[in-house]
Amino acid sequence: MGHNREAEKMNKELSHYVNRDLSWIEFNRRVLDEAQDPDTPLLERAKFLAIVSSNLDEFMSVRVAGIQDQIKAGYTKTDFTGYSPAGLWKRLMKRTTQMVTDQYRMYREVLRGLAKEGICFKSMEDLTPTQESAMEIYFREIVFPVLTPMAVDQSRPFPLVHTKELYLSVLLRKADDDSDEAPLFAIVQVPSILSRFVLVPGRTNSKKIEFVLLEELIEKHINTLFNGYTPIAVHPFRLTRNADLTLNEEGAEDLLEEIEKELRRRRWGMPVRLEIDKGMHPYALQILQEELEIGDNIIEIDGPLDLSFLMKFGGSIPGRDSLRYEKIEPVYPRELDEADDMFEVLRQRDVLMYHPYESFDAVNDFVLQAADDPNVLAIKMTLYRVSGDSVLVQALAKAAESGKQVTVVVELKARFDEERNIAWARQLEKAGCHVVYGLVGLKTHAKILLVVRREEDVLKRYVHVGTGNYNGSTAKLYTDVGLFTSHPVIGVDASALFNEVTGYSAPHDWKAFAVAPTDLKDKLFHLIDREKEHAKAGRPASIIAKMNSLSHQDMIDKLYEASQAGVRIELIIRGVCCLRPGVPGRSENIRVISIVDRFLEHSRIIYFNNGGEEEVYLSSADWMTRNLTRRIELMCPVFDASLRKILINILQLNLNDNVKARELQPSGMYEPVRNKLSPFRSQFEATDIPKWKDYID
């Protein structure tokens, strides 16, 4: 009876769902926790501070910008978590402001730690005369030629302030002006083409490494930009604009051109957030508020604006390996190592790879071999985010130039990678590849590669399906899983998927795949319902799902139903989770953990016990509305029993983590996993490949 009253009270007090944006704040708080952890090496702590800033930038320019648009439009309805735009905005501003305060407190702590290690940021006033002279030469020869002072007066209107760029506001008087008139105003952009941290020459044989910040160097010499004027006040500021593209895909004759137009419009996006130096002169702030029409979202910062520069800084310090994570060298997948012919290996067996512990070079080598192989007739693949020096793009171009049919589905709308993807698309087209920009209204987010090869007068299909992008750089930083297979059923589905994306084709009767937006959600619902039936019949019933985000209301409700039917559900969700676990009578059979560690947990793996007949799937899709309804996404079964066991081992590694794992509470907050009797850190354990991978020789 008491248990029922407790459940009823909790149900009344809490919404059934955690708000998506408030959940995201909690995720970024977990990133900040890594910077605060004294066991994290100092230069890695600096990098986590940079990630917090980068994450906040994107959150402000997309999510908060959208909420502000709703408020301006007079939208007052509550979302399914019970928040109106205005009410949510207030809570977000309160929590982000507190987060920034905590972030800068930690920045100062990290600086103190680095100083003890002989790595220092110095103020211009603390430089020795010799160092001052060296910095003056650097300013005069390197910095000064790049600077452009921009005055604001009757003849010169307020200039365009670019989003997320650092500027200095400058108040001036004529050298001989003693009047009480308002000072003159100008701005100077701190050039992003130059390093934000400038190495200061040290004493001979000194082990100290000293830097000054570029904006402080410019401020010190600001008078050189305004001859005949006296600077009164110089303060950094930084503007974040709405960066969400608004595309008219239906009316666009050329999607590439439409996106290029929108990228140009992004420069004039509505202001969302203004970051200012603590103690900024009131008159300078007044001008910025009026000219930028910024409203209330002004963040006063006690320290350097935009700590994202710490990402490059952390990697720029020579030596000092004790201040970094121990290096992990990805190993080449043993099944493919020393294989002269990857196709021959894949005819015999499927191969699973777990990045970054295993090398992405195997994917590059597969495409390179396909490009060189005279028996390969066609290569088809999706590209969402590609690294700057992509071997894959070069291999695809080489294959097309040798006469192979090469089809590449390039997603031009990958946020903040649009310009890079346009460049790759043009390069591929020039080489003779068929470049397709996906379907109107849908982002192509599926990760799939298909090679068609002639073998003894028959055609054989080889497929790679992944949970992450075909990006060699992020494959060293993200945990992702990729599957190589020549299974004929998967091959037929792969061909059908490309036909649907590139041509006119009726929906395929999928034998292996589930594809969004047409049937992935229905397939997942069917699999969850099947577990419910197993539970009701007394058979083993459990679900383990690992992904980046869970926010789709119907999917959450379906998981609640399964929990109430007795299905044991374990969710490993790094970022946003709108499901509220552990609520009596609704979700007491659901556990949710999040792992934030040195590598970004990115893989999507779904396990269903199925009454003992276990099934495991790889997917490109998180369980969010956009993934299940507005993107081309893919979920692929793993047919090989030994590979299923490997994936279950990977999931179990995560579930056993009690060092970096945080468990979601019914309140929507996260707490460290309590079991600390035997510390277990999943990402460190995963470096020991035999622990999760059984080799079948």
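**Exercise 1. Work out how β2 and β4 pair, and place them in their sheet.**

Start with the pair itself: β2 and strand β4 (residues 184–189) run antiparallel to each other and share four bridges. Two strands count as paired if DSSP finds at least two bridges between them. Strands (E, at least two residues) and helices (H or I, at least four) are DSSP runs, numbered from the N terminus. For one residue pair to look at, take Met 150, which stands opposite Ile 187 in β4.

Before going further, note that this is a predicted model, in which local features need pLDDT of at least 70 and side-chain atom pairs count only at pLDDT 80 or more, while totals for chains, interfaces and linings use all residues. Residues are numbered from 1 along each chain as its sequence is written, and side-chain values use heavy atoms, with hydrogens and water left out.

Now widen the view. The order β2-β4-β3-β7-β8-β9 describes an open sheet of six strands with mixed pairing. Its edge strands, β2 (149–152) and β9 (298–301), each pair on one side only. On average, neighbouring strands of this sheet are turned by 30 degrees against each other, direction ignored.

**Exercise 2. Describe helix α3, from its span to its packing.**

First, the span: α3 (residues 42–72) has 31 residues and reaches 43 Å from first C-alpha to last, close to the expected 45 Å. That expected value is 1.5 Å times one less than the number of residues.

Second, the bend: α3 turns by about 40 degrees at Met 60, taken as the angle between axes fitted to the seven residues ending there and the seven starting there.

Third, what comes after: Gly 74 follows α3 and has a positive phi, near 80 degrees.

**Exercise 3. Find the residues that touch the most other members of the largest nonpolar core.**

Begin with the terms. A nonpolar core is a set of buried Ala, Val, Leu, Ile, Met, Phe, Trp, Tyr and Cys residues joined through side-chain atoms within 4.5 Å. Buried means under 20% relative accessible area, exposed over 50%, and partly exposed in between (1.4 Å probe, protein chains only).

The largest core has 110 residues, and Leu 550, Leu 571 and Leu 579 touch the most other members. The biggest contribution to this core comes from α3, with 13 residues. A second, separate core has 52 residues, including Phe 599 and Leu 618.

Next, look around Leu 579. Beyond its neighbours within four places in sequence, its contacts (heavy atoms within 4.5 Å) include Val 18, Leu 550, Tyr 560 and Leu 664.

**Exercise 4. Decide whether Tyr 325 and Thr 479 are buried or exposed, and list some of their contacts.**

Tyr 325 lies in the loop between α9 (310–316) and α10 (342–348). Its relative accessibility is 11%, so Tyr 325 counts as buried. Not counting residues up to four places away in sequence, Tyr 325 touches, among others, Glu 44, Phe 48 and Arg 681.

Thr 479 belongs to strand β17 (residues 478–485). Thr 479 is buried because its relative accessibility is 0%. With residues up to four places away in sequence left out, its contacts include Tyr 354, Phe 599 and Gln 683.

**Exercise 5. Explain why strand β6 counts as largely enclosed.**

Five of the five residues of β6 (residues 209–213) are buried, so the rest of the structure largely encloses this strand. Ile 209, Phe 211 and Leu 213 point one way, and Glu 210 and Val 212 the other.

Then check its partners. Strand β1 (residues 119–121) pairs with β6 in the parallel sense over three bridges, and Ile 119 has Ile 209 as its bridge partner. Strand β5 (residues 197–200) pairs with β6 in the antiparallel sense over four bridges.

Notes
Axes are lines fitted to C-alpha atoms, for helices over the stretch in contact, and angles run from 0 to 180 degrees between N-to-C directions. Contact means heavy atoms within 4.5 Å.
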